Amino acid sequence: MLLHFKRKLKRPSPCSALSSLLKPTFFASLSLQYQSPNPSFTSSAPQFDNNQTHLKAIPSCSNPHAESTCLTPTYSNYASLLQSCIARKAIKPGKQLHAQVCLAGFGFDTVIATKLVNLYCVCDSLSSARLLFDRIPKHNIFLWNVLIRGYAWNGPYEAAVQLYYQMFDYGLVPDNFTFPFVLKACAALSAIEHGREIHEHVVQTGWEKDVFVGAALIDMYAKCGCVGSAREVFDKILVRDAVLWNSMLAAYSQNGHPDACLSLCSEMVLTGLRPTEATLVTAISASADNAALPQGRELHGLSWRQEFESHDKVKTALVDMYAKCGSVRVARNLFERLGVKRVVSWNAMITGYAMHGHATEALDLFEEMNRVAKPDHITFVGVLSACSHGGLLEEGWMFFETMIRDYKIDPTVQHYTCMVDLLGHSGRLDEAYNLIMQMKVLPDSGVWGALLNSCKIHANVELGEIALERLIELEPDDAGNYVILSNIYAQAGKWEGVAKLRKLMTDRRLKKSIACSWIEVKNKVHAFLSGDTSHPLSDEIYSELERVGGLMKEAGYSPSTGSVFHDVEDDEKANMVCSHSERLAIAFGLISTPPGTRLLITKNLRICEDCHVAIKFISKITEREITVRDVNRYHHFKDGVCSCGDYW
């Protein structure tokens, strides 16, 4: 037995501007195209003209001279016409019909009125829908579902939640249609407390194992960041359809769990359930986020076997995946094969070029896009990122101003982050700081982090302190920010500042993030920490490092220990630098793959200056192409040169 829930929630007031909707004077101003006062319905199927502005569903009497033989429009005719208006989202003829049914005495009939409310909802005229809803009997669950759905789709989302609780005052019990709608509103509001309470109602009413209700619960928990709760819902539903699987896949993907998403996708395929377009797009996006090229290729093959090769959404996801996994040429090839290049497709390719430091290609593609599609705010994030990674200061300013002036796009924090990064890397730290002070949106950790990184590059202690102060307010538990300013102090010889920050980190129990790099060889991932000796081939790895290190010294390499701020001897500092995680991963790749094989390394932190120099030497000496994806961008090393042009 469902408990009776009551909430003191303020009911949205009807729109007074539409109060004339139900007045007779309003009805009199509208008319259907009757050719006689009492036309005969020779067909109940409604028809519309091309622009859907006038009803033609009520033909004239077949014998206009014998009006006494003509019939009055019937209840079923009105219901059929309204259903056609709903299907076509035809608001103007729908309003005309509303006037006629009221004049005919059907305006407050439960079925007819529910259809009218539905019509106004699907036509995004929620104020009219609510005005009518408040005037009619409310003992029909479908009526409530229709209006809750309207608010859940179009907002205000709070109104959907309020209506849900008001249902109980009328003795109604929510059903398997009510729950997905109100949970969608909770998800949009990130209203986890209401969501959990509604989940309890789901259990009490016996709908917990319904796949549609379950999918809505999973989505709500995912949008609120509660992935564990989402998985609990998923595990309790034993009979699952593709929608339920897709909801859980999306929950993992959207909350930073790409490995779990890919694992679950494999589990789904093993059950024999055919993946949908949404399945593939979500899983391919997870591969992109994880830089998991082998899994991405497997999903590419799966999409072909399942005959999704012509689906542009899947192709766009593949473009994004290959670009983020380092195969930018493959991404461009797929991009050119798209049947319809949507804005999201252009954005994926432009952003892919930006990540790889191919600024010229990104800007050329933007110009090409401009001729056939309208760029959006994400497009300009890609363009400004390309300028930032390419050191194109003048071009960056030009695109930033053009975006605001010509495209009427208000800058977001992402746009400002790109500009602060560009100005900071160019040594224009004061301009970068002034831009932050002039921002029309609140600066986030990305903006201040960009300034702090730039202060490290140019050893600016004063602005570095300001940036860290703001970052501590926004994310006090991020140890990396403290470490960066500590490094700035060390570069400037301010050891008191270093000691002060280390004590602050100790007092707050903060630990520096451990650098980790990984490489995939023969479908197996091998991870390494700095100075790691745990790998089974550790002796061979260090022998290879020593061998290559000797060749590097002969070629003119000299270790730079500027990134080591420990109080140890120079020789020990050099050893520490030479055993950084990315170098161990590269050495393993060199001894585990045939000569000439391209190596792809992923690192969880920014690559240090000395390793960047060292990998250039390694690429030339070993005649290997080495790609390193760090936390910020891609570095392509070949013949002793990096694609970033030493600007990162």
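Reader: How many bridges join strand β1 to strand β2?

Author: The model is predicted, with residues numbered from 1 along each chain as its sequence is written; local features need pLDDT of at least 70, side-chain atom pairs count only at pLDDT 80 or more, and totals for chains, interfaces and linings use all residues. Side-chain values use heavy atoms, with hydrogens and water left out. Helices (H or I, at least four residues) and strands (E, at least two) are DSSP runs numbered from the N terminus, and two strands pair if DSSP finds at least two bridges between them. Strands β1 (residues 516-521) and β2 (residues 524-529) run antiparallel, and the number of bridges joining them is six.

Reader: Which residue in β2 is the bridge partner of Ser517?

Author: The hairpin of β1 and β2 has two residues between the strands, and Lys522 takes a positive phi near 55° there. Across the pair, Ser517 is matched in β2 by Phe528.

Reader: Which helix gives the most residues to the largest nonpolar core?

Author: A nonpolar core is a set of buried Ala, Val, Leu, Ile, Met, Phe, Trp, Tyr and Cys residues joined through side-chain atoms within 4.5 Å; buried means under 20% relative accessible area, exposed over 50%, and partly exposed in between (1.4 Å probe, protein chains only). The largest core has 159 residues, and those with the most contacts inside it are Val117, Leu147, Met248 and Leu451. Nine of its residues come from the helix that gives the most, spanning residues 211-223, which is α10.

Reader: How many residues does the other core have, the one with Ile541 and Leu599?

Author: In the largest core, Leu451 touches Val420, Leu429, Ala432, Tyr433, Ile436 and Ala467, not counting residues up to four places away in sequence; contact here means heavy atoms within 4.5 Å. Apart from that core lies another, with Ile541, Leu599, Ile601 and Ile615 among its members, and its number of residues is 27.

Reader: Is His635 buried or exposed?

Author: His635 lies in strand β5 (residues 634-638). Its side chain is joined to that of His612 by a polar contact of 3.5 Å, a term for a pair of N or O atoms within 3.5 Å; within protein, one must be able to donate a hydrogen and the other to accept it, and residues adjacent in sequence count only if both atoms are side-chain atoms. Because its relative accessibility is 0%, His635 counts as buried.

Reader: What separates Glu336 and Arg332 in helix α17?

Author: The structure holds 18 salt bridges, each a side-chain nitrogen of Lys or Arg within 4 Å of a carboxyl oxygen of Asp or Glu. In one of them the side chains of Glu336 and Arg332 meet at 2.7 Å, N to O. Glu336 is partly exposed at 38%, and Arg332 is partly exposed at 21%. Because they are four residues apart in helix α17 (residues 328-336), their separation is about one helical turn.

Reader: Is Glu544 buried or exposed?

Author: Glu544 and Arg547 form a salt bridge, with the closest N and O atoms 2.8 Å apart. Both lie in helix α28 (residues 538-554), three residues apart. Arg547 is partly exposed at 45%, whereas Glu544, with a relative accessible area of 12%, is buried.

Reader: How many residues apart in sequence are the parts that Glu625 and Arg598 tie together?

Author: The side chains of Glu625 and Arg598 meet in a salt bridge of 4.0 Å, N to O. Glu625 lies in the loop between α31 (609-622) and β4 (626-629), and Arg598 in the loop between α30 (581-592) and β3 (599-603), so the distance in sequence between the parts tied together is 27 residues.
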